[in-house]
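Here is a short walk through one protein chain, from its overall make-up down to a few individual residues. Please keep the structure open as you read.

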Amino acid sequence: MKAPALAMILILIALLAGCGGGEPEQSQSESQSSLVAGADAGTAPDAKLAPAPAEGLAERQEVTTGTVSLTSADPVDTGHAVVRIVEDAGGRVDDRTERPRTDDTEPSSSLTVRIPADRLTATLDEISDLGEVTGVSVSKSDVTMQAQDLDARIGALQASVTRLQGLIATAANTADLIEAENALSERQAELDSLVAQRRALADQVELATISIDISTDGPDSADPDSFLDGVVAGWHALLSALHGLIVFLGRAVPWIGFAALVVLVGYAIVRLVRRR
């Protein structure tokens, strides 16, 4: 009776030991699966347990845009002065259009400049001293959340790309190698696109975009206030009329010559026909 009882006790001990030993293997397998899934997602397995950063700690990022309207006696020279001020402030000129004075139009100048955001106020003050300010408009757009989202996506893709490079280095067969290379190519292209977007956003945050329009009222366009001003205005009008007449005659000379030639040829043909 003692032998069968001892055998039963040994069997129960073995069963209990087998059940207790299976749990660590299952737990280890689940841990490895979680690690792989976390690496595929571009985050560490414990990343979800990390506390979220406080909202007040995030640096505010803003995109600044605006317009400035000026009048000056010489808009072209004023535009050159604006370029010097912007470049001295560490900015740049993205677009520039100049229209000199003509018989029909007044001079003007238009510029699109990029000014460092931290020197925007001082630079605009210097530009305002170049002429009479007729309008100023500056607006700011908060892009903090957009920048944080791009940073998070870039970090996740960088982690995924690193893991795929490791899989390629340890690929056991050709099929696994091709699959890993295709996935790496797709994620690298997406990563490059996000990095380009983040750089463009950083440039917009760092440099404010300001459009500057410079024009002139033209002293000759004002109505004369005295007899002498009337005489001067009349003299300028006479000179302008004579200039216009001279230009018209100059343009008409070729046409007059051509018409005379046509008349002479026609007259010669008529006389020749009559003689016959």
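The sections below go from the whole chain to its helix pairs and then to three chosen residues.

## The chain as a whole

Please bear in mind that this is a predicted model. The protein chain contains six helices and five strands. Reading from the N terminus, these elements follow one another as α-β-α-β-β-α-β-α-α-β-α.

How much of the chain is buried? Of the 276 residues, 21% are buried. The accessible surface amounts to about 19600 Å², and carbon and sulfur atoms supply 59% of that area. Among contacts with a separation of 6 or more, 79% join residues that are 24 or more positions apart.

## Helices α2 and α3

Two packed helices are described by the angle between their axes and the distance between the axes. Let us start with helix α2, which covers residues 75-88, and helix α3, which covers residues 120-128. Their axes are 10 Å apart, and the packing angle is about 160°. An angle over 145 degrees counts as roughly antiparallel, so α2 and α3 fall into that class. The crossing of this pair is right-handed.

Which residues make the contact? From α2 come V82, I85 and V86, and from α3 come T123, E126 and I127. By class, the residues of this contact are four nonpolar, one polar and one charged.

## Helices α4 and α5

The next pair to look at is helix α4 (residues 144-169) with helix α5 (residues 174-206). Here the axes come within 9 Å and cross at roughly 155°. The two helices are therefore roughly antiparallel to each other. What is the hand of the crossing of α4 and α5? It is left-handed. The contact of α4 with α5 has 15 nonpolar residues, together with six polar and six charged ones.

## V82, a residue of helix α2

Now back to V82, which sits in helix α2 and takes part in the contact with α3. Is V82 buried or exposed? Its relative accessibility is 0%, so V82 counts as buried.

Leaving out neighbours within four places in sequence, V82 is in contact with L111, I127, L130, I212 and I214. One of these partners, I127, also belongs to the α3 side of the helix contact. You can also compare the positions of V82 and V113: they are 31 residues apart in sequence, and their C-alpha atoms are 9.1 Å apart in space.

## T64 in strand β1

Strand β1 spans residues 62-71 and includes T64. With a relative accessible area of 5%, T64 is buried. What does T64 touch beyond its neighbours within four places in sequence? Its contacts are L120, V138, S139, K140, Q204, A208 and T209. Among them, L120 belongs to helix α3 and Q204 to helix α5.

## S72 in the loop after β1

S72 is found in the loop between β1 and α2. This loop residue has 13% relative accessibility, and S72 therefore counts as buried; the cut-off for buried is under 20%.

Not counting residues up to four places away in sequence, S72 touches T78, L130, I214, S215 and T216. One of these, T78, lies in helix α2. L130 and I214 are worth a look in the viewer, as they are contacts of S72 and also of V82.

How values were computed: Residues are numbered from 1 along each chain as its sequence is written. This is a predicted model: local features need pLDDT of at least 70, side-chain atom pairs count only at pLDDT 80 or more; totals for chains, interfaces and linings use all residues. Side-chain values use heavy atoms; hydrogens and water are left out. Helices (H or I, at least four residues) and strands (E, at least two) are DSSP runs, numbered from the N terminus. Buried means under 20% relative accessible area, exposed over 50%, partly exposed in between (1.4 Å probe, protein chains only). Contact means heavy atoms within 4.5 Å. Accessible areas come from the Shrake-Rupley method with a 1.4 Å probe; for residues, only the protein chains shown count as cover. Axes are lines fitted to C-alpha atoms, for helices over the stretch in contact, and angles run from 0 to 180 degrees between N-to-C directions. Angles under 35 degrees count as roughly parallel, over 145 as roughly antiparallel, 65 to 115 as roughly perpendicular and the rest as oblique. A crossing is left-handed if the near helix is turned anticlockwise from the far one by less than a right angle, and right-handed if clockwise. Ala, Val, Leu, Ile, Met, Phe, Trp, Tyr, Cys and Pro count as nonpolar, Asp, Glu, Lys and Arg as charged, and the others, Gly among them, as polar.
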